[in-house]
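Colleague: I am new to this structure and would like a close look at one part of it. Please take me through its nonpolar core, with enough background to place that core in the whole.

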Amino acid sequence: MRRPRRFEGRRGWRPSTYQSILVAVVLVAGALVVERFVPALTGSVRVADGDSLEIGGERVRLEGIDAPELHQQCGPPEKLWPCGERARAALRALVAKGEVKCRPVDEDRYARAVSVCTVDGRDIGAALVSDGWAVALGLSYGSEERAARQAGRGIWAGPFERPGEWRARNPRAGS
């Protein structure tokens, strides 16, 4: 008696696999078309804090980073320093170096365009994290954060509270 083969019949991928691949290709193509034809935000720049700015009248939050809040202090209790103000100063210094372009990728709950921004082609978020003035969110800028932490740059020079934790303990009035 012959034993039935486990995978007798059709060979190759299932139709659902082909459909999934087709959907993925269409989504990637759509994203590339949108990126190509949606203009980048450009114009005069005003820095609000370490990870937010206004460009050409549009409020923007930098994608993939979280900088100390403007009124946040860092360091040991006996030697606090204004890390939020220094993070804003670092962003101001970066945007003063050339033309800023922001490509929106999302919108946050405050109706700001969450964007990847560059100054003369350099990723601003990567620069802030690398210089120690912001922490990386998710998988973005992980290597830059590790390098800043190891070198003790910016907020990594001493103890600090992560910006999200600081915001949770210091909620905005009316939020």
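Modeller: Happy to. A contact here means that two residues have heavy atoms within 4.5 Å of each other. In the protein chain, 49% of the contacts with a separation of 6 or more are between residues 24 or more positions apart.

A word on the ground rules. This is a predicted model, in which local features need pLDDT of at least 70 and side-chain atom pairs count only at pLDDT 80 or more, while totals for chains, interfaces and linings use all residues. Residues are numbered from 1 along each chain as its sequence is written, and side-chain values use heavy atoms, leaving out hydrogens and water.

Let's start with the whole. The protein chain has five helices and eight strands; these are DSSP runs numbered from the N terminus, helices being H or I with at least four residues and strands E with at least two. Read from the N terminus, the order is α-β-β-β-β-α-β-β-β-α-β-α-α. Of the 175 residues, 32% are buried, where buried means under 20% relative accessible area, exposed over 50%, and partly exposed in between (1.4 Å probe, protein chains only). The chain exposes about 11600 Å², with carbon and sulfur atoms supplying 54% of that area; accessible areas come from the Shrake-Rupley method with a 1.4 Å probe, and for residues only the protein chains shown count as cover.

Now to the part you asked about. A nonpolar core is a set of buried Ala, Val, Leu, Ile, Met, Phe, Trp, Tyr and Cys residues joined through side-chain atoms within 4.5 Å. The largest one has 34 residues, and those with the most contacts inside it are V60, L91, C102, I124, L128 and I155. At least two residues of this core come from each of strand 2 (52-55), strand 3 (58-62), helix 2 (83-95), strand 5 (100-107), strand 6 (113-119), helix 3 (124-130) and strand 8 (135-136). Helix 2 gives the largest share, six residues. In soluble globular proteins, nonpolar side chains tend to be buried together.

Helix 2 deserves a closer look. This helix of 13 residues reaches 18 Å from its first C-alpha to its last, close to the expected 18 Å; the expected span is 1.5 Å times one less than the number of residues. Its buried residues are C83, G84, A87, A90, L91, L94 and V95. They lie on the same side of helix 2, because they cover an arc of only 130° around the axis, the arc being that of the directions from the helix axis to the C-beta atoms. If you pick out L91, you will find it in contact with I124 and L128, and its other partners beyond four places in sequence include V47, L53 and L62.

Cysteines come next. The structure holds two disulfides, a disulfide being a pair of cysteine sulfur atoms within 2.5 Å. C102 and C117 form one of them, with sulfur atoms 2.1 Å apart. This link joins distant parts of the chain, C102 in strand 5 and C117 in strand 6, 15 residues apart. Its torsion about the S-S bond is about 110°, so it is right-handed, and both cysteines are buried. The other pair is C74 and C83, whose sulfur atoms are 2.0 Å apart; this link is also right-handed, with 65° about the S-S bond, and both C74 and C83 are buried. In sequence order, the bonded cysteines pair 1-2, 3-4.

Strand 6 is also home to V114, which counts as buried because its relative accessible area is 11%. The C-alpha atoms of V114 and R61 are 4.7 Å apart, although 53 residues separate them along the chain. Beyond four places in sequence, V114 touches R61, E63, R103 and V105, among others.

One more buried residue is worth finding: E145, in helix 4 (residues 142-151). E145 counts as buried because its relative accessibility is 8%. Beyond four places in sequence, E145 touches V129, V135, A136, W156 and R162.

For contrast, try D120, in the loop between strand 6 and strand 7 (122-123). D120 counts as exposed because its relative accessible area is 57%, and its phi is near 50°, a positive value in a residue other than glycine.
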